[in-house]
Amino acid sequence: MLRNLTKSKCLRTHCLRNKLVASHGTLPLLHRLHFSGQVQQTYLFNVSNANYNSLHKYPNISRKFISTEAEKVTTESSKFGRKLVIASSLVLGAAVVFATLDYKHAESKAKEYENKESPSILKRGGPKNLPIATHLIDERDFDINKPRLVILGSGWGAISVIKGLEKDKYHITVISPQNYFLFTPLLPSATVGTLETRSLLEPVRSLIKGISAHFLEAKATDICFNDKLIELSPVDESSEPFYVPYDKLVIAVGSLSNTFGIEGMEYCHFLKTINDARKIRKKIMDNFEKASLPTTPPKERKSLLSFVVCGGGPTGVEFAAELYDFLTEDVVRYFPSILRNEVQVSIIQGQDHILNTYDAKISDFAEKKFRRDNINVVTNARVQKIEPNHIIYKMKKSEDVKELDYGLVLWSTGIDMNPLTKTISEKLEDQKNTRALITDNRLRLKGVSDSSVYAIGDCSTIENPKLVQQLMQFFIDADKDKNGRLSYNEFQALAKKIGRRYPITKSYLKKADTLFARYDQDKSGTLELEELRTMFEDIDKKLTSLPATAQVAYQQGKYLGKKLNQIATAQKTKIFPPPSDYSVNTDNPESDVDDLLPPFSYAHFGSLAYIGNAAVADFGTGWTWMGGLPAVYLWRSVYFSEQVSFRTRALLALDWSKRCLFGRDISKF
């Protein structure tokens with residue numbers, strides 16, 4: 001029996017020894033004391049006391065096999081600390097390596113440009129014998145042999161083209177009087193401090209860096225199409241004008257507000273640029289501060305606090321809504337309460353309703369919302385004259401002439417040509433439109449024969465096709481069996497062909513069966529030539545120009561950027577796209593690749609408008625959304641997603657958060 005117990009004890013001791021070695025010092029303390037022979041298996045004491053006293057009680061136990069609970073926590077903390085130090089070292093090392101490489105790259109670029117001598121004297125030429133900038137100071141040697149693409153402007157159309165271009169296809173130069181892109185749909189929010197002006201701007205140079213483009217801050221004053229030269233003037237007019245040559249030119253210079261020849265425009269504010277927003281914000285605060293003075297007479301105070309908006313479009317409506325929010329959320333907190341009762345916001349609209357380009361339900365909803373908010377909406381009225389302190393307008397129906405005092409008047413009605421587009425229009429015989437440059441459905445400027453000049457955005461309008469003038473050609477091509485009439489299948493094929501060649505007609509030709517039945521007047525089951533003529537005449541009357549919105553300019557720029565890439569690739573590889581039913585002049589495709597590519601097709605994704613703690617959305621085809629907070633978040637989400645950089649997205653989020661937490665900034669500067 002004793003031998004068996006001894007043998008069992010030896011086995012347990014041997015197993016315990018193996019566990020101790022395998023544990024690397026993490027075996028529980030009592031097992032290690034038992035293994036040392038200085039405590040018996042049956043002698044169990046409180047573990048918490050042993051954790052602290054064991055090392056002093058049993059000094060001859062090897063310390064590498066002793067581990068208290070505190071030591072275990074310390075060991076784990078040390079391991080975590082070592083991992084953290086290693087990870088931090090790796091991140092820091094990677095940052096140092098990246099910074100070093102970036103510095104060396106920038107240094108090599110700087111040396112490259114230092115070693116390259118720029119021409120000190122530019123050769124002269126052109127109609128006015130001005131210097132011609134054939135080389136730019138930051139130009140690289142391998143850019144010289146590329147086709148020169150010049151983009152005039154830094155708005156929606158121009159930036160959309162830039163973002164669509166591929167690197168190393170062209171020698172790209174962007175020219176604009178402003179060195180930034182402005183997110184215009186949110187401009188009304190900057191007039192009252194809901195958003196800071198910097199949050200709506202993105203530097204052009206940061207946007208063009210990815211395609212190695214060049215930027216010139218200058219103003220285009222004229223274009224010589226024969227010599228392919230653009231006349232530029234410095235913004236401050238401190239030096240002599242000069243020419244910049246081009247192979248391809250994109251005109252995206254925007255537009256001005258249409259004043260309709262009304263007197264007194266010098267007393268109005270506009271809302272087209274970031275400086276306009278700054279001036280309006282300062283003027284609003286000036287009026288409130290002056291109205292708060294005890295020496296201001298009541299009549300003058302009432303005039304100072306009267307804000308008039310001429311134009312009931314999206315810009316005018318959103319400005320009125322932002323101003324109302326400012327009055328109800330911030331003015332009441334900081335200014336005397338008497339001012340709130342004397343503030344008046346008015347909208348003067350020449351049409352039957354505000355937001356007249358939206359669905360009728362939206363116009364009605366916005367008008368009711370404004371009336372509840374005590375915003376004075378005057379419709380069917382035409383401004384006659386603007387005096388220094390009051391505006392004169394006449395009602396269309398009653399012919400009554402009325403006056404309205406104001407402290408600030410915003411003019412936001414229609415668009416007009418800027419000086420450059422006026423100069424171009426006067427120079428080209430095919431330009432008959434008095435408000436915008438005319439282009440074909442491939443965005444090429446009418447009057448320039450070699451397809452080297454494009455115009456997009458607010459400064460242009462696409463010429464509507466005259467289907468009646470092409471009636472015979474369409475009819476002959478569609479009449480496959482040559483019987484002098486079109487069957488339904490022949491007409492359906494013709495409608496699809498016209499829709500691909502002229503995308504603007506798609507919405508009128510998409511229901512071929514309904515059209516066929518409506519214009520088959522003799523109910524013969526076929527369309528004769530005169531019946532087709534009547535249909536084409538009705539379609540020509542219904543065709544309208546695309547609206548001058550950021551959405552149209554963005555899609556045009558995106559289309560043009562993709563097409564310019566295709567043209568450059570085709571001209572380099574001599575591989576041309578196959579002709580299609582939308583192609584023109586296919587006899588000699590090498591003369592103009594543009595004719596083989598599809599025309600521009602606009603897809604309307606909806607229109608949004610903010611109306612004061614509420615928003616409306618018109619998605620077309622009768623689908624609308626009107627509401628409070630959910631609609632506002634939709635409005636914000638759409639514009640947040642359309643930002644051109646992460647920087648502006650972050651700034652917008654911060655501004656909206658600041659406004660929610662602290663209100664709008666009422667300081668003026």
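This is a short chat about a cavity and a helix pair in a predicted model.

Q: How many cavities of 30 Å³ or more does the structure hold?
A: Just one cavity reaches that cut-off in this predicted model.

Q: And what volume does the largest cavity have?
A: About 40 Å³.

Q: Which residues line the largest cavity?
A: Going along the chain, you'd find Ala133, Leu136, Arg148, Leu149, Val150, His171, Thr173, Val244 and Pro245.

Q: What does that lining look like by class?
A: Six residues are nonpolar, two are polar and one is charged.

Q: Which strands supply at least two residues of the lining?
A: Strand S3 (148–152), strand S4 (171–176) and strand S9 (242–245) each do. The largest share is from S3, with three residues.

Q: OK, switching to helices. At what angle do H8 and H10 pack?
A: Helix H8 (residues 274–291) meets helix H10 (residues 314–334) at about 40°, and their axes are 13 Å apart.

Q: What does that make H8 relative to H10?
A: Oblique, because an angle of about 40° is outside the roughly parallel range, which covers angles under 35 degrees. That's why H8 counts as oblique to H10.

Q: Is the crossing left-handed or right-handed?
A: H8 and H10 cross in a right-handed way.

Q: Which residues make the contact?
A: From H8 you've got Ile280, Ile284, Met285 and Phe288, and H10 brings Phe319, Leu323, Phe326, Leu327 and Val331.

Q: How many of those are nonpolar, polar or charged?
A: The contact of H8 with H10 has nine nonpolar residues, with no polar and no charged ones.

Terms used
Residues numbered from 1 in each chain as written. Predicted model: local features only at pLDDT ≥ 70, side-chain atom pairs only at ≥ 80, totals over all residues. Heavy atoms only, no water. 1 Å grid on protein atoms, 1.4 Å probe; cavity = no way out; pocket = protein on both sides within 12 Å on 5 of 7 lines; lining within 4 Å. Points joined across faces, edges and corners; volume = space filled by probe spheres on them. Helix = DSSP H or I, 4+ residues; strand = E, 2+ residues; numbered from the N terminus. Nonpolar A, V, L, I, M, F, W, Y, C, P; charged D, E, K, R; others polar. Axes fitted to C-alpha atoms, helices over the stretch in contact; angles between N-to-C directions. Parallel < 35°, antiparallel > 145°, perpendicular 65-115°, else oblique. Left-handed = near helix turned anticlockwise from the far one by under 90°. Contact = heavy atoms within 4.5 Å.
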